[in-house]
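Biologist: Before we begin, I would like to learn how such a model is read, one feature at a time.
Modeller: Then ask about each feature in turn, and I will give the general idea before the case at hand.

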Amino acid sequence: MKKINIYELNSLYREPMRVEGYEYGEGEKSVCVVGSMRGNEIQQLFACSKLIQRLKQLEEKGCIAEGKSILVIPCINTYSMNIGKRFWSTDNTDINRMFPGYSEGETTQRIAAGVFEKIKDYKYGIQFASNYMAGSFLPHIRMMRTGFEDVETAKKFEFPYVVVRNTRPFDTTTLNYNWQIWETKAFSIFTTSTESIDAVSAKNAVKGIERMLNAEGVIRSSIAGGYHYNSQVLDDERLISVRCAEAGIYENMVAVGDEVYEGQVLARITDPYEGTLKEELVSPADGTVFFLHNAPLVYASTAVMKLVVE
Amino acid sequence: MSGNISKIETVCSVKLPIGETLEIKRNRLAPADGAEGKKRISIVTGIHGDELEGQYICYEAARRIKEQPELLSGVVDIYPAMNPLGIDSMTRGIPGFDLDMNRIFPGTKNGAMTEYVANEIIKSLSGSDLCVDIHASNIYLTEIPQIRINELHRDTLVPLARLMNVDFVWIHASSTVLESTLAYSLNSTGTPTLVVEAGVGMRITKAYCEQLADGLMNTMHELGIWKGSAVKAREPIVSGSDDSVVFFNAPKAGIFIPAAKHWETLEKGDVVGRIVNPLEGEIMAEIRTPEAGILFTIREYPVVDEGSLVGRLLKTRSVR
């Protein structure tokens with residue numbers, strides 16, 4: 001394992017922000033894994049740290065295939081993580097809306113450019129990602145439909161689900177999209193959480209990456225535990241949203257991954273002053289809870305759940 | 001004034017968790033004989049909650065119309081607060097979501113609350129003969145009153161921009177990311193929309209606001225919406241090709257001290273500003289112009305990172 005500097009940014013009153021990477025093996029740039037890009041992506045950082053440990057063990061056992069190299073960057077945005085702010089510390093911009101970056105441009109464009117220059121030539125790109133909605137997901141591999149997406153390789157993580165969605169205008173500046181445009185096969189991994197640590201989910205994600213690396217001949221490893229699914233491929237538009245009409249105190253009656261049946265009560269919204277029931281959300285079909293709103297308060301017109309319907 | 005020309009209407013509403021409903025409102029100013037069949041201008045501001053110059057412009061436009069309601073011959077819809085929670089809480093994006101509202105248009109009927117609101121806004125504005133979306137840069141930069149036009153919509157919008165009494169019209173290259181803005185969504189579906197940038201975030205620059213209120217009255221006059229007199233619009237400088245603007249990005253982190261004045265014509269080699277280090281008492285960098293031009297953007301907020309934008313220069317040779 002080699003620790004290398006990926007990018008450095010000077011500051012007036014803080015230590016320079018150093019983006020650091022961990023390199024394993026030598027030769028073809030096979031796989032790059034990126035952890036947190038936003039200041040609240042704690043789980044993404046944690047999962048990367050577990051991957052870094054695991055790859056170190058594998059390298060020591062001689063399990064990295066000859067002529068293959070792996071790079072893991074656990075954190076691209078230490079400044080925001082250290083002050084508990086989601087986006088860039090001074091101007092609140094999102095590094096994951098700045099790719100492929102511009103080395104002569106604004107600060108986060110420069111960070112994106114500096115990092116992308118080092119990671120754009122890998123065959124596979126894996127990002128631990130997060131969503132802006134407050135909630136929990138079933139673990140899944142997510143990819144955009146760009147024409148370069150590789151669903152068959154995504155299945156090799158053996159996660160329960162692979163979700164494919166259409167590209168939207170703002171996607172064109174994300175890391176995942178630009179990796180694909182630069183002909184890196186890109187995968188976003190969603191574990192169950194973002195701001196809190198779910199060690200089991202992080203471990204499963206590391207196992208999933210190990211399985212994919214093994215299947216692609218980047219490592220040679222016998223893997224026990226973790227997910228071992230024949231992944232179900234879903235179109236994001238086919239997930240059924242359950243929306244609330246009322247606002248108030250929100251209480252889930254089910255958990256992520258639960259199988260639910262048509263007519264089952266999924267969540268309740270109560271009046272924040274009087275405690276009376278304002279709305280009961282019922283399942284429109286038999287299915288599995290894929291996404292769940294997990295904040296204690298809810299706005300009206302919120303998609304509080306997404307269901308996979310068989 | 002006649003009491004019946006001004007009607008406050010709710011564009012859309014969303015219940016908030018605790019004892020409150022979010023309402024986006026507009027003031028419809030229409031002639032006494034009604035809005036039916038009349039030309040319509042929509043004046044929009046407050047998509048970014050930290051941009052407040054449009055507040056005074058909306059007030060001033062409504063005040064002028066209500067002073068002489070008999071001169072109104074079309075419909076003026078004023079939307080002063082597209083992001084009311086942001087304005088109230090000094091937040092640029094939509095509070096609670098940390099989301100830039102001007103990156104979610106046209107929204108969807110069945111999307112998240114934010115996307116539902118965006119979709120209702122589009123429905124309300126669509127069909128206007130002109131929409132003017134007023135922005136105020138951000139808290140970091142001061143802008144000379146200007147209109148920004150995506151080159152895709154140049155032919156329709158430049159003649160309208162000339163009516164608005166701005167100093168500068170910047171025609172910029174198309175970008176996929178900008179396809180999720182309010183202006184792009186409306187322009188691409190047949191509602192001409194001008195994006196105004198003026199002043200600085202979290203402040204009101206009264207002179208700029210009055211200049212733009214004059215511009216709105218002139219535009220309404222030319223569109224047949226306002227029969228009253230109007231100040232003739234000043235002739236704006238219109239940018240040429242996309243390489244007509246020089247961006248100055250801070251080469252070092254530090255404190256930016258401007259040396260040039262805003263909207264000043266500079267020669268090649270003039271100093272725009274310096275970046276200093278207060279701890280060491282040293283100049284870290286001096287930013288000079290690579291060629292002659294007019295400084296139409298200048299840094300307002302002194303602290304800079306490497307790369308922070310400190311100014312923009314319109315090249316003299318690009319001025320039309």
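Biologist: How are H1(B) and H6(B) placed to each other, oblique or not oblique?
Modeller: A word first on the source: this is a predicted model, in which local features need pLDDT of at least 70, side-chain atom pairs count only at pLDDT 80 or more, and totals for chains, interfaces and linings use all residues. Residues are numbered from 1 along each chain as its sequence is written, while chains are lettered from A and ligands numbered from 1 in the order in which they are written. Helices (H or I, at least four residues) and strands (E, at least two) are DSSP runs, numbered from the N terminus. Axes are lines fitted to C-alpha atoms, for helices over the stretch in contact, and angles run from 0 to 180 degrees between N-to-C directions. Angles under 35 degrees count as roughly parallel, over 145 as roughly antiparallel, 65 to 115 as roughly perpendicular and the rest as oblique. In chain B, helix H1 (residues 53-67) packs on helix H6 (residues 206-223) at an angle of about 45°, with the axes 9 Å apart, and H1(B) and H6(B) are therefore oblique to each other.

Biologist: Which hand does the crossing of H1(B) and H6(B) have, and which residues of H1(B) meet H6(B)?
Modeller: A crossing is left-handed if the near helix is turned anticlockwise from the far one by less than a right angle, and right-handed if clockwise; H1(B) passes H6(B) in a right-handed crossing. Two residues are in contact if their C-beta atoms, placed from the backbone, lie within 7 Å. From H1(B) come B:Glu53, B:Tyr56, B:Ile57, B:Glu60, B:Ala61 and B:Arg64, and among their partners in H6(B) are B:Tyr208, B:Leu212 and B:Leu216. For classes, Ala, Val, Leu, Ile, Met, Phe, Trp, Tyr, Cys and Pro count as nonpolar, Asp, Glu, Lys and Arg as charged, and the others, Gly among them, as polar. This contact of H1(B) with H6(B) has nine nonpolar, no polar and five charged residues.

Biologist: At what angle do H1 and H6 of chain A pack?
Modeller: Helix H1 (residues 42-60) and helix H6 (residues 199-215) of chain A pack at about 50°, their axes 9 Å apart, which makes H1(A) oblique to H6(A). Their crossing is right-handed. The contact includes A:Phe46 and A:Leu51 of H1(A) and A:Val206 and A:Ile209 of H6(A), and its residues divide into seven nonpolar, one polar and four charged.

Biologist: Into which domains is chain B divided, and how many residues join them in contact?
Modeller: Domain bounds come from an automatic or database domain assignment, and for chain B they give domain 1 (6-238) and domain 2 (242-318). Their C-alpha centres lie 30 Å apart, and 13 residues of domain 1 of chain B are in contact with 11 residues of domain 2 of chain B. On the domain 1 side, S6(B) gives the most, with five residues, and by class that side has eight nonpolar, three polar and two charged residues.

Biologist: How many residues does each chain bring to the contact of chain A with chain B?
Modeller: Chain A brings 32 residues and chain B 29 residues. On the side of chain A that touches chain B, H3(A) gives the most, with three residues, and the classes there are 13 nonpolar, 13 polar and six charged.
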